[in-house]
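Colleague: I would like to go through the terms used for this model and ask what stands behind each one. Please put the sequence and structure up before we start.

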Amino acid sequence: MNVTQLTDQLIASYARVGGINYLDGKNLPSKSAIASITGDLVRLLFPGFFDEKVIHSSELKVETATLMDSVLGRLEDEMCKAIEYQPPNDEAKRAPRKAAEAATREFLASLSGVREILQTDVEAAYAGDPAAASKEEIILAYPFIESIAVQRLAHELYRRQIALIPRIMTEWAHSRTGMDLHPGATIGSHFFIDHGTGTVIGETCVIGDHVKIYHGVTLGARSTSGGQQLKGSKRHPSIEDRVTIYPGATILGGETVIGAGSTIGGNVFIMQSVAPNSLVIYDGLDMRVLQKPPKGKPADYQI
Amino acid sequence: MNVTQLTDQLIASYARVGGINYLDGKNLPSKSAIASITGDLVRLLFPGFFDEKVIHSSELKVETATLMDSVLGRLEDEMCKAIEYQPPNDEAKRAPRKAAEAATREFLASLSGVREILQTDVEAAYAGDPAAASKEEIILAYPFIESIAVQRLAHELYRRQIALIPRIMTEWAHSRTGMDLHPGATIGSHFFIDHGTGTVIGETCVIGDHVKIYHGVTLGARSTSGGQQLKGSKRHPSIEDRVTIYPGATILGGETVIGAGSTIGGNVFIMQSVAPNSLVIYDGLDMRVLQKPPKGKPADYQI
Amino acid sequence: MNVTQLTDQLIASYARVGGINYLDGKNLPSKSAIASITGDLVRLLFPGFFDEKVIHSSELKVETATLMDSVLGRLEDEMCKAIEYQPPNDEAKRAPRKAAEAATREFLASLSGVREILQTDVEAAYAGDPAAASKEEIILAYPFIESIAVQRLAHELYRRQIALIPRIMTEWAHSRTGMDLHPGATIGSHFFIDHGTGTVIGETCVIGDHVKIYHGVTLGARSTSGGQQLKGSKRHPSIEDRVTIYPGATILGGETVIGAGSTIGGNVFIMQSVAPNSLVIYDGLDMRVLQKPPKGKPADYQI
């Protein structure tokens, strides 16, 4: 087949196979534009850390105003697309550009509040990890800082019922950090996820203050075939204050509450609530330790 | 040492330490070229989703033909390198460019078939996840769509015994999504991996229809010291229709079959077959729950 | 609020919320510069693999000298920033640029030694994985090669007490591969991590020769609230020669030693030492397998 034939065949498939095309509609928010905006928002949150050259206080106002102006314009365009795609209310449906302007400004006004809670996260990371040599190292080299900053920003948009953009933002961070933190989750202060790859926090989680989580931890929902009927219900667990959850623990269900001060051991699978100040681990006696015969040749590693 | 001395020392090491150089050979397929081609193939599969501006039906034919033409030329170059590196048969060895032309066209003709099965994957994701607000959200913000699209494309090349390119394609998606889906795996329709970070599906897996898998799931092989002797044998499990596998479950071995309709709980480690309609979980009674003394001061989190 | 008001509010927050700003200081090492340098170092280690065009022996010296010269200059700049930020000794404090020059040259002189041990890692990967069709496939399409190359490079800087740069380097690889390998870890020859997403190796780990690890494996520390008091102590396990660790196993604690020749099963959680030649798995008898009633309609997947 030549190019024309290959193209015709594919276009025939566009007509035949629906549901995975997006043609003739209004523009959807652009993934690449939102990636670039989110990167700039992180720069606004942590001034001086992610710029090639150091920022001096004397230039700070001009530099910040320039970046703010650029972010405002670009974000407003994407917000307008999201609102046209799915208006949060009737007024926004009638005047999407005006609604986008208001929502964008309101969102950017929330940045200083986001900074206040992010400061407690950096403190928690530093207090909790002896491998951290300084707070600068945490901001420069801990992927958690990026993932939590983006989740807290996306949560501000999620609360305002902006479609698509919050999830595109957290997926950008998910791709870069391995942490899948849903914009809907409510997360308290002094939060810390160490290492973080594979950690999942679901849409309806509620997490208290001073919670520490490791990589590979799931705060998830039970699976169901009737997925869409459960939309909006609380499907993910609640984690109270001062809980620590070790790597690989899986905690499921909307009625599951991990009581304050509890510690959940690694690789545990929990679908029930746990009282405050509990320690949950699998019983070590259930481990089977066998002696393999020592061999002269390298072990064959077989299990 | 100055630059010349540093260079001389390194070049001496190139001569001395073999096995990790690639010099004077034919070109290998380029990772960066294949990354860009794979991105464009995903755009061809989901028209209108990953473009900056919306595509209208009137322009669709011209836009698609232009992209198809570009992909055809670039992919043919990489295919030619792969065939020269390891010809799939004697004819391809004698005339690699001609074989590359034919294989490229044949592969591009398979795109509409790939679209048909991808549509069922999008449906399964939407039906299975109450957090998904729309099918547009799934295509824009679920990393699974990218990883399964790339695996299904790479599988078409793997079936045609094209070397290196299929694995470079799936590793591109692995790096972006955390899902390591081998091009060799045979995967049925209505497949869905939620979250996905850390999920591994091995080369000789066979997966039925309507299977739902979470992040951190391994469908893997037993380890062995005599690795290369097992090449080509079935080393990874079979998963029958309508199976659900919760986060962190590890299922190993080529003779392991998970029977149709079964549910595998989180963090389970399985190396044996399971009958149809089974529910496999660790017994909750084996969990040890201890009460820690409540304290006035913040818990010290120690396990 | 308009842009000026939004900017003023954010700048007021910069003044009020300390600890996450970096203003008026010396430059910190740049994440993007270090990303680009690290990519070039990997090209120097594996000549001919990551270049668009093939390198011939006749051009090798010129090409290598050009790249070496470029890396030397750029790395020296970043080293100087790191030494100014945290001088490893008094002499470096007095003359940071001179110390950066010396450290950079010393580091680049270590590249051929790093190549020698990386060759054993490639051999181990090829011997250990039947899915690998060739050593070229391993270098082009196994994320482990990138993560271990970067860890071994970063370890050379860590040993020389260079601040920030080693961790920025391994986080670059972590973001691309999902493997979080701390620059401080001491890792023997013939090492292999298969798949790798979610594997964590802590700062004070000591790993012997011929060790094989899968994805999702944690060699970590116990959590503690008094994190910073433990800085410098051995907090992560030791893994002796010829150990294999299956996916998802979590091994914690600085006094934990996994004896030579042992095999650790998937998803096991261990905080105690294991004698040589042990096989550690959870007892399969503790698995609860229930029969679900077969249904005429699709299973509802509920657990």
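Colleague: What is the order of the strands in the open sheet of chain C, and what is the pairing?

Modeller: The sheet has 4 strands in the order 2-5-8-11, and the pairing is parallel. This is a predicted model, where local features need pLDDT of at least 70 and side-chain atom pairs pLDDT 80 or more, while totals for chains, interfaces and linings use all residues. Residues are numbered from 1 along each chain as its sequence is written, with chains lettered from A and ligands numbered from 1 in the order in which they are written.

Colleague: How do you know that strand 5 and strand 8 of chain C pair?

Modeller: Strands are DSSP runs of E of at least two residues, helices are runs of H or I of at least four, and both are numbered from the N terminus. Two strands pair if DSSP finds at least two bridges between them. Strand 5 (residues 206-207) and strand 8 (residues 238-239) of chain C have 2 bridges in the parallel sense, so the criterion is met. Within this pair, C:Val206 stands opposite C:Ser238.

Colleague: Which strands of chain C stand at the edges?

Modeller: Strand 2 (186-187) and strand 11 (257-258) of chain C. Each has a single partner strand, so one side of each has no neighbour in the sheet.

Colleague: What is the order of the open sheet in chain B?

Modeller: Chain B has an open sheet of 4 strands in the order 2-5-8-11, with parallel pairing. Strand 8 (residues 238-239) and strand 11 of chain B pair in the parallel sense over 2 bridges, and B:Ile239 stands opposite B:Ile258 in strand 11.

Colleague: How does the span of helix 2 of chain C stand against the expected one?

Modeller: The expected span is 1.5 Å times one less than the number of residues. Helix 2 (residues 31-45) of chain C has 15 residues and reaches 21 Å from its first C-alpha to its last, close to the expected 21 Å.

Colleague: Which residues of helix 2 of chain C are buried?

Modeller: They are C:Ile34, C:Ile37, C:Thr38, C:Leu41, C:Leu44 and C:Leu45. A residue is buried if 20 or more other C-beta atoms, placed from the backbone, lie within 10 Å of its own, exposed if 12 or fewer do, and partly exposed in between. The buried residues of this helix cover an arc of only 115° around the axis, which puts them on the same side of helix 2 of chain C; the arc is taken from the directions from the helix axis to the C-beta atoms. An α-helix has 3.6 residues a turn, so residues three or four places apart point the same way.

Colleague: What do the buried residues of helix 2 of chain C pack against?

Modeller: Helix 1 (3-16) of chain B, together with helix 3 (57-85), helix 6 (111-128), helix 8 (143-159) and helix 9 (165-177) of chain C.

Colleague: Why does A:Asn267 count as buried?

Modeller: A:Asn267 has 29 C-beta neighbours inside 10 Å, so the buried cut-off is passed. This residue lies in the loop between strand 12 (263-264) and strand 13 (269-270) of chain A. Its phi is near 65°, a positive value in a residue other than glycine. Most residues other than glycine have a negative phi.

Colleague: Why is C:Arg242 called buried?

Modeller: C:Arg242 has 24 other C-beta atoms within 10 Å, so the label is buried here too. C:Arg242 is in the loop between strand 8 and strand 9 (244-245) of chain C, with phi near 55°, again positive in a residue other than glycine.

Colleague: How many residues of chain A are in contact with chain C?

Modeller: 76 residues of chain A touch 74 residues of chain C, where contact means C-beta atoms, placed from the backbone, within 7 Å. Helix 6 of chain A gives the most to the chain A side, with 10 residues. By class, that side has 35 nonpolar (Ala, Val, Leu, Ile, Met, Phe, Trp, Tyr, Cys, Pro), 18 charged (Asp, Glu, Lys, Arg) and 23 polar residues (the others, Gly among them).

Colleague: How many residues does the contact of chain A with chain B take?

Modeller: The contact takes 73 residues from chain A and 76 residues from chain B. Helix 1 of chain A supplies the largest share of the chain A side, 9 residues.

Note on methods. Contact = placed C-beta atoms within 7 Å.
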